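Me: Can you walk me through this one? I'm new to reading structures, so keep it simple.

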Amino acid sequence: MQVFKRLKAQNLIEFVFIFPVLLIVTLVILEVALYWQDVNAVYNLNQEINANIALIEQNNYVMGQECSAASKSLELLQKKDKMITLAGDLKYIKKTTDGQEPFALYQFEGGAVNTEKGTEPMVTLWVDCRSPYEKGVSTQLQFFHKTLIIKAEIPRIDGEPPIIIIPSNIFISSPNVTTIRHY
């Protein structure tokens, strides 16, 4: 009889120690899978935008008007942004940061997230139309992945802000993809 009591206690102890570990490992695997899905979605969306830019005729630029590659990029981003943001219709703000239209560096920002640095745009698309004939048109997509399950930080005793190990918003940036057309 005493042997059975020991086995029940042993099973209970194993369950108490092993179950939380298995639960945490399962949640970590799920979070990493969601993050990796967003990384691939951002990369694929940027490549799709750049591939569609390659089909646009680049020889009808008019000074003072928006670059046709930039407007096509924004149009494609607005159609496909739900696959990375899971948000409703984002409103994008256009900024030209370098050069004069149409030969400018365009920045399209949409949404907002809170990060350690303050409020930043959730999605940012860069379209470089500064020299489409010599260097081609480049695009880059940036996105903040929202962690759903795991956010880790260590509180500090001295009252300073906590040390963040896994932030609630993780920055993802696609590679800078360039389309060069030879005339």
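Here are some questions and answers on a helix, a strand residue and some ring pairs.

Reply: First, some ground rules: this is a predicted model, where local features need pLDDT of at least 70, side-chain atom pairs count only at pLDDT 80 or more, and totals for chains, interfaces and linings use all residues. Residues are numbered from 1 along each chain as its sequence is written, and side-chain values use heavy atoms, leaving out hydrogens and water.

Me: How wide an arc do the buried residues of α2 cover around the axis?

Reply: In α2, the buried residues (under 20% relative accessible area, 1.4 Å probe, protein chains only) are Ala 69, Ala 70, Ser 73, Leu 74, Leu 76 and Leu 77. They sit on the same side of α2, because the arc they cover, taken from the directions from the helix axis to the C-beta atoms, is only 165°.

Me: Is Glu 109 buried or exposed?

Reply: Glu 109 belongs to strand β2, residues 103-110. Its side chain makes a 3.2 Å polar contact with that of Lys 95; such a contact is a pair of N or O atoms within 3.5 Å, and within protein one must be able to donate a hydrogen and the other to accept it, while residues adjacent in sequence count only if both atoms are side-chain atoms. Its relative accessibility is 15%, so Glu 109 counts as buried.

Me: What angle lies between the ring planes of Phe 15 and Phe 19?

Reply: The whole structure has three aromatic pairs (ring centres of Phe, Tyr or Trp, using Trp's six-membered ring, within 6.5 Å; planes under 30 degrees apart are stacked, over 60 edge-to-face, the rest tilted). Phe 15 and Phe 19 form a stacked one, with centres 5.2 Å apart and planes at 20°.

Technical notes: Buried means under 20% relative accessible area, exposed over 50%, partly exposed in between (1.4 Å probe, protein chains only). Helices (H or I, at least four residues) and strands (E, at least two) are DSSP runs, numbered from the N terminus.
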